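Colleague: I should like to learn how backbone and ligand features are read from a model. May we take them one at a time?

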Amino acid sequence: MTDYETIRVGRTGRVGMITLDRPDALNALNAQLMSEVVAAVEDFEKDRSIGAILLTGSERAFAAGADIKEMQSKSFMDMYLDDWFSAWDRLAAARKPIVAAVAGYALGGGCELAMMCDVLIAADSAKFGQPEIKLGVLPGIGGSQRLTRAVGKAKAMDLCLTGRTMDAQEAERAGLVSRVVPAIDLIDDAIATASRIADMSLPIAMMVKESVNRAFESTLTEGVRFERRVFHSAFATQDQKEGMAAFTEKRDPNFGHH
Ligand code: HXC
């Protein structure tokens with residue numbers, strides 16, 4: 001496996017694991033970390049024995065945002081010509097399900113990164129926020145859009161305009177996170193969740209992700225039409241035959257032949 005400096009990469013069964021690893025900077029997302037995460041995700045995307053990806057940070061911080069020290073002296077032209085942060089779009093475009101396990105700070109780009117994932121499990125220690133306004137900037141990796149879609153205008157405006165943080169319980173009430181678990185159980189719970197997804201049919205899990213995401217990109221009529229077409233195509237898979245046979249034969253399905 002490739003040597004990375006800002007992340008640790010491993011696997012547990014069919015789950016590919018990526019751990020953000022810049023402890024001295026609370027996992028601040030610098031350019032190197034961004035390209036390493038994207039490369040690791042793209043490797044897992046190509047590997048058919050991986051069914052889901054787990055992305056996590058440390059107990060203290062999932063990620064405390066984009067790297068402020070790296071950005072500090074940049075000009076508009078640097079940002080514009082380099083299209084700063086655009087590589088993160090490749091993570092958002094991943095087709096396999098990504099579970100985010102968030103403990104501690106998920107601020108700014110850290111919150112935005114978590115929101116690019118599909119199932120967001122929060123430790124009770126998690127703190128979410130878009131504090132960019134306090135730095136004289138605004139969210140730049142989709143925060144103003146994904147947060148608003150996740151929690152609605154009222155809370156998104158509140159968080160983005162005041163820069164305050166919200167704790168895990170508030171994030172769960174607001175619909176930002178899938179579930180809150182005790183910090184000590186976070187990784188086990190996230191691995192169990194990612195493994196459960198990874199044991200499903202890979203193409204069907206990818207179709208589910210694509211269909212749910214379509215809800216954010218289309219009208220209801222278009223979205224339902226898209227879902228119907230994808231649903232029909234599930235019947236071209238072996239996994240549909242296996243899943244339904246397993247049900248009628250009262251046994252567990254054995255997916256994987258697609
Ligand atoms: C670079 C960071 C950092 C960051 C923390 N550090 N966050 N370095 N970029 N985003 C570094 C600190 O400078 C410090 O390094 C070390 O990590 C530990 O942080 P402390 O501040 O000493 O820890 P603590 O007092 O516990 O406070 C934790 C914190 C605070 C509340 C999370 O670090 C903080 O407010 N960080 C910035 C959060 C933020 O504004 N995020 C949004 C970034 S902008 P040293 O070397 O001093 O020990 C963003 C924009 C996205 O994400 C797109 C638009 C541009």
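Colleague: In which segment is Lys-250 found?

Modeller: This is a predicted model, so local features need pLDDT of at least 70 and side-chain atom pairs count only at pLDDT 80 or more, while totals for chains, interfaces and linings use all residues. Residues are numbered from 1 along each chain as its sequence is written, and side-chain values use heavy atoms, with hydrogens and water left out. Lys-250 is found in the segment after helix H12 (238-248); helices (H or I, at least four residues) and strands (E, at least two) are DSSP runs numbered from the N terminus.

Colleague: What is the phi of Lys-250?

Modeller: Most residues other than glycine have a negative phi. Lys-250, although not a glycine, has a positive phi of about 55°. The residue is exposed, with a relative accessible area of 78%. Exposed means over 50% relative accessible area, buried under 20%, and partly exposed in between (1.4 Å probe, protein chains only).

Colleague: Where is Asp-83 found?

Modeller: Asp-83 is found in the loop between helix H3 (76-82) and helix H4 (88-92). Its phi is near 50°, again a positive value in a residue other than glycine. Asp-83 is partly exposed, at 46% relative accessible area.

Colleague: Which residues come nearest to the ligand?

Modeller: A residue is near a molecule if one of its heavy atoms lies within 4 Å of it. Of the 24 residues around the ligand, Arg-60, Ala-64, Ala-66, Lys-69 and Gly-109 come nearest.

Colleague: Which polar contacts does the ligand make with Gly-109 and Lys-69?

Modeller: A polar contact with the ligand is a pair of N or O atoms within 3.5 Å. A backbone N or O atom of Gly-109 lies 2.7 Å from a ligand oxygen atom, and a polar side-chain atom of Lys-69 is 2.9 Å from an oxygen atom of the ligand. For Asp-24, a polar backbone atom is 3.3 Å from a ligand oxygen atom.

Colleague: Which elements each supply at least two residues of the shell around the ligand?

Modeller: Helix H2 (68-71), strand E6 (105-107) and helix H5 (109-116) each do so. H2 gives the most, with 3 residues.

Colleague: How many residues of H5 are buried?

Modeller: In H5, 8 of the 8 residues are buried, so this helix is largely enclosed by the rest of the structure. Among them are Gly-109, Glu-112 and Met-116.

Key. Polar contact = N/O pair within 3.5 Å; in protein donor to acceptor, adjacent residues only side chain to side chain.
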